[in-house]
Amino acid sequence: MTHADPAVVVSACEAAARQVRMWRDGTGAMLELLAECLHHPSRVVRSAAGSRLARCGAVPDRVADRVAAVLDRDDDPELRGWAALTLAHRGDARAVAPLIDLLTADTCALPEGWIWLDSTPQRLLDLLRPHAAALLPAVVHRLTAEDTDGWRHVRQDLVAGLSGWGEDAAGAAEALARLLGDAEFDRTAGHASGHKAVAMALGRIGPAAGVAVPALDRLTAGVAVPAQDRLAAGVAAHALDPLAAGVAAPALDPLAAGVAPDSLGVLLWARWRITGEETSATAAALARLAAAPLADVTALSLLADMGPAAAGHEAVIRGRLNDSFEWARAEAANALWRCTADASGALPVLTGLVDGVPWAPLFGAGHGTVVGCLADIGPAAAPAVPAMVAFLDRDRRPGTDGPRHDPVSWDQHAVATVRSAVHRIRGGPAPRGVFAAADGG
């Protein structure tokens, strides 16, 4: 890191970051090397080090202090942005002021990347819920300001982050409701529907998001048919057992609503979460979507959220336990447990998925649902513990879940989730494993 040629030092920064992304062992030492480069005379080197630290999950305290020092001495908006993002990934209060500066600037200081290595800012808000009151005005400004100059991906990340704030995001409800009517935001959402992400955030806010109900109603207009026709239409469309379909279920026509089926489910669920109205009809609608041919897993996860209120659709849920798609089986088992408390039906599926998917060993995208459900079931899930302990003891990181995590933050999330599950299943101390976000490797 002391070579005279900045290009060589930048290459060394990438080599250190690659080591951290792939292996848990030695993480602390590699992060220290990157932190040293934050003070390099070359701005190119400082930018390379800062951007890579911002994609290395929650850094340990000593590294965080050196990142925070950038905010005290450097006025470069991009370097300050990377520092703010790195601290945000720790839930560090020192991230708040520079994030407000970042979000209220006319031009996004962080470059928009086109490949994973140069991916756009991720998880700005996820760990900053304790600072919601301070951040919300800047977040609302960014959600309602013109979507130009690289802000599109940032806005999408902000919406996803607000989902984790629950009712503490109530101050953004009106801005989120406006996005429901923004066709351009929905069209440019990239990997996911913009309407779906916005509705998820509004649903997590709950009753305090009542301002969004008219927009939700507009988007789902045309879904329901007269009550006397609902059962017949639903059974004809999806060949459901009449008892599983439910007499109050609307005949779902996503084309009439103008939204994709997975988005439609979230819109209906969000309205229920906000108003508490039409519980039976909402559960039946989600069951209809879950039973549709080639249905994705969204409706199953929303049925699980409804809990016992969706128990009347047990037949639909059980019908997905043997799905060819592993994560559909995971969501079905989770829904079965949360709606009916039937551990005997859920456990074989969940245990088989902990270490039984060759193409997705622990910790894949659906394992958060699997491990979380096993933890809630408790001691009866003990057969799954050995695979979890083996995961904690291995050195290589599992990769990433997709667009919202770098490999390090995903692994840190996985380790925390699995440790907690083992602790709850055993009823005693969780195994330490070889890496924790706080110890730096």
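**Close-up views of the predicted model**

**View 1. Cys 108 is a buried residue, with a relative accessible area of 10%.** The model shown in this and the following views is a predicted one. Cys 108 counts as buried because its value of 10% falls under the 20% limit that is used for this class. Cys 56 is buried as well, and its relative accessible area is 1%. A disulfide is a covalent bond that joins the sulfur atoms of two cysteines. When a pair of cysteine sulfur atoms is required to lie within 2.5 Å, the count of disulfides comes to zero.

**View 2. Helix 9 packs against helix 11 at an angle of about 150°.** Helix 9 comprises residues 173-180 and helix 11 comprises residues 194-205, and the axes of the two are 9 Å apart. Helix 9 is therefore roughly antiparallel to helix 11, since angles over 145 degrees are assigned to that class. The crossing in which helix 9 passes helix 11 is left-handed. On the side of helix 9, the contact is formed by Ala 173, Leu 176, Leu 179 and Leu 180, while helix 11 contributes His 195, Val 198, Ala 199, Ala 201, Leu 202 and Ile 205. Sorted by character, the residues of this contact between helix 9 and helix 11 comprise nine nonpolar and one polar, with no charged residue among them.

**View 3. Helix 7 and helix 8 pack at an angle of about 130°.** The axes of helix 7, which spans residues 132-144, and helix 8, which spans residues 151-163, lie 10 Å apart. The two helices are therefore oblique to each other, and the crossing of helix 7 and helix 8 is left-handed. Helix 7 takes part in the contact through Leu 136, Val 139, Arg 142 and Leu 143, and helix 8 through Trp 151, Arg 155, Leu 158, Val 159 and Leu 162. The residues of the contact of helix 7 with helix 8 divide into seven nonpolar and two charged, with no polar residue.

**View 4. The protein that surrounds these close-ups contains 24 helices and zero strands.** Of its 441 residues, 53% are buried, and Cys 56 and Cys 108 are included among the buried ones. When contacts with a separation of 6 or more are considered for the protein, 70% of them are accounted for by residues that are 24 or more positions apart.

Key. Residues numbered from 1 in each chain as written. Predicted model: local features only at pLDDT ≥ 70, side-chain atom pairs only at ≥ 80, totals over all residues. Heavy atoms only, no water. Buried < 20%, exposed > 50% of the residue type's maximum accessible area, 1.4 Å probe, protein only. Axes fitted to C-alpha atoms, helices over the stretch in contact; angles between N-to-C directions. Helix = DSSP H or I, 4+ residues; strand = E, 2+ residues; numbered from the N terminus. Parallel < 35°, antiparallel > 145°, perpendicular 65-115°, else oblique. Left-handed = near helix turned anticlockwise from the far one by under 90°. Contact = heavy atoms within 4.5 Å. Nonpolar A, V, L, I, M, F, W, Y, C, P; charged D, E, K, R; others polar.
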